[in-house]
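Biologist: Please put the model on screen. I want to ask how each label is earned.

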Amino acid sequence: MKLNILLEHVDKAVNSHLLDIDVDIKGIATNSSLVRPNDIFVAIPGFRVDGHQFIDAAIQAGASVVVGEKDLKDLIVPYVRVSNSRLALAQIACQFYGNPSRNKIVIGITGTNGKTTTTYMLKYILENYGRSCSLFGTVQNVVNGKPLPSINTTPDALELQKQIALSEDEFIIMEVSSHGLSQYRVEGVEFDYCLFTNLDKEHLDYHKDMEAYFSVKASLFDQLKPNGLAIINHMDSWGKKLADLLTSKGYQVFLVGDQSYHDLQIIHLQSGKSTFSFKGNPSELSLNILGKHNILNASMAFLTALLIGIPQQKVLYALEKFPGVPGRFEMLQHPNGATVVIDYAHTADAFYQCLQTAREEGANRVFHVFGFRGNRDKEKRRDMVSVSKEISDVHILTLDDLNDVPYEEMEQTLYALSDGGYVISDRTIAIKEVLEHAHKGDWVCITGKGAEDYQQKFRLPTASDKETVQFLFQQIDQKTNGGFEPLH
């Protein structure tokens, strides 16, 4: 693609150098080690590494044009200076790949909790109806039926535009994080449907406050296509605020809630079961997965599928068969009859939904194992502990991802916040101790990691919470005396 065409939609360049040269661009790179001849290299000032430091290496590797934010005048190749390299990357990538979202039906889901489950539900409904779907999210990305690793909830702009262009699927379903929005990863993507699940205290180390967090989430809806639809959880206070904002802007807004004026009314709500009413036509739904929060996720997927044009009975049939999502309220049965739940919950509201479900399912006792991620939002931690202490019988604080925080420092944090709970720093040993004490009828909720692998090594030779639980269950199956094998 010619350079002038590639830069057509880039925010006005300032002090750009040598742009009168006719240049053919073969590709785009943000990593100098991946540059090929005649690529355009976009230098991004990252949180740990500044891409401007690698401009010379990119040119030596064959970059024919460089884009960056700094005032550079002595480069031997054309240099485009922009005010924001991340935004420029998104605009360049969208142009290079031919604005691929215009040729797809694109569904974006944002909110603090429920994004992953709702995306998987929608994908399951659509595929059961014979429609093909690409998916971008926290657990994995799937394009043309092939799973791809997921590094971030929302891929960077270059990878996202590339994969949308490569997709032969009719639908694109993606989780859209606040980081993804604020870092312009979805800039240029045009959405047919945008969903808002809820908002809870999260990422306030990154966003200034809840209002700023909300504003970023709300910005997704400005990327709706002219006839695009907004589907909002109106039972959430921030959802109500968003619905009012979008209505004032003239968007087509559809509401999910428990009132008669809602487009999808939830008449009856309990864990795993619900009655919906759409246009006065009630339908009963039973899920294979528990939790009122999952009924809310299902209601969002249900209404979206109906708006897409899938018959109501087909939607209900698919939801009732939906097997769940790895690491999202994933239930395992302890050999002694206790129930173990592995969940990604990492906010106070998500804790409440997870633990309250255990209570509503008749748990004799609720054990809760969780921790905090290093270098992440500290404001939510006391609220998380408070909810756990209130609902669970025993709460055990343990390590989550350290993210460069020293082990001893995080351990001290756990003790400082434990509030009557236990601290067992080694995550695998914390799980072992709880499983040893759980009896028939008890529930053990292990939250924070979900299906993610551990970032650091622990004492047991396992790589995830599920693997740890299964390893310990296997020890029980192999024993002869009713107890766990001793650790060596």
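**Two unusual turns of the backbone**

Modeller: Start with Asn 375, in the loop between E18 and H12. Keep in mind that this is a predicted model.

Biologist: What makes the phi of Asn 375 worth pointing out?

Modeller: Its phi is near 55 degrees, a positive value, and the residue is not a glycine. Most residues other than glycine have a negative phi.

Biologist: Why is Asn 375 called partly exposed?

Modeller: Its relative accessible area is 46%. Buried means under 20% and exposed means over 50%. The value for Asn 375 falls in between, so it is partly exposed.

Biologist: Where does Tyr 184 sit, and what is its phi?

Modeller: Tyr 184 belongs to the loop between helix H6 (178-182) and E10. Its phi is about 60 degrees, positive although Tyr 184 is not a glycine. At 27% relative accessible area, Tyr 184 is partly exposed.

**Confidence**

Biologist: How confident is the predictor in the chain, by pLDDT?

Modeller: The average pLDDT is 92, and 94% of the residues score at least 70. Residues 480-488 have a pLDDT below 50. That stretch still has 14 contacts in the model beyond near neighbours in sequence.

**The sheet from E1 to E4**

Biologist: What makes the four strands E1-E2-E3-E4 a sheet, and which sense does the pairing take?

Modeller: Two strands pair if there are at least two bridges between them. Strand E1 (residues 27-29) and E2 have 3 bridges and run parallel. E2 and strand E3 (residues 65-68) have 3 bridges, in the parallel sense. E3 and E4 have 3 bridges, again parallel. Each pair meets the cut-off, so the strands are joined in one sheet.

Biologist: Which residues stand opposite each other?

Modeller: Gly 27 stands opposite Asp 39 in E2. Phe 41 faces Val 66 in E3. Val 66 in turn stands opposite Tyr 79 in E4.

Biologist: What makes this sheet open, and which strands are its edges?

Modeller: The order is E1-E2-E3-E4. E1 and strand E4 (79-81) have a single partner strand each, so one side of each is left without a neighbour in the sheet. Neighbouring strands are turned by 20 degrees against each other on average, direction ignored.

Biologist: How do you know that both faces of strand E2 (residues 39-42) are covered?

Modeller: In a regular strand the side chains alternate between the two faces of the sheet. Asp 39 and Phe 41 lie on one side of E2, Ile 40 and Val 42 on the other. All of them are buried.

Biologist: What do E2, helix H2 (residues 55-60) and E3 make together?

Modeller: They make a right-handed β-α-β unit. Helix H3 (residues 85-96) lies across E1, E2 and E3, at about 155 degrees to E1.

**The sheet with mixed pairing**

Biologist: How many strands are in the sheet that holds E21, and which are at the edges?

Modeller: It has 6 strands, in the order E16-E17-E21-E18-E19-E20, with mixed pairing. Strand E16 (330-333) and strand E20 (422-423) pair on one side only, which puts them at the edges. Within the sheet, strand E18 (residues 366-370) and strand E21 (residues 443-447) pair in the parallel sense over 4 bridges. His 368 has Cys 445 in E21 as its bridge partner. Helix H12 (residues 381-391) packs on the sheet, touching E18 and strand E19 (394-397), and runs at about 150 degrees to E19.

**One face of H13**

Biologist: How do you know where the buried residues of helix H13 (residues 407-417) lie?

Modeller: The buried residues are Met 410, Leu 414 and Leu 417. Down the axis of H13 they fall within an arc of 80 degrees, so they line one face. An α-helix has 3.6 residues a turn, so residues three or four places apart point the same way.

Biologist: What covers these buried residues of H13, and which residues are exposed on the other side?

Modeller: The cover includes H12, E19 and E20. On the other side, Glu 408, Gln 412, Tyr 415 and Ala 416 are exposed. Just after H13, Asp 419 takes a positive phi of about 50 degrees.

**A covered strand**

Biologist: What makes strand E10 (residues 191-196) mostly covered?

Modeller: Of its 6 residues, 6 are buried. E10 has partners too: 4 bridges join it to strand E5 (residues 105-110), in parallel, and 5 bridges pair it with strand E11 (residues 224-233), also parallel. Thr 110 has Phe 196 as its bridge partner in E10, and Tyr 193 has Leu 229 in E11.

Methods: Residues numbered from 1 in each chain as written. Heavy atoms only, no water. pLDDT = per-residue confidence, 0-100. Contact = heavy atoms within 4.5 Å. Buried < 20%, exposed > 50% of the residue type's maximum accessible area, 1.4 Å probe, protein only. Helix = DSSP H or I, 4+ residues; strand = E, 2+ residues; numbered from the N terminus. Right-handed = clockwise from strand over helix to strand, strands pointing away. Axes fitted to C-alpha atoms, helices over the stretch in contact; angles between N-to-C directions. Arc of directions from axis to C-beta.
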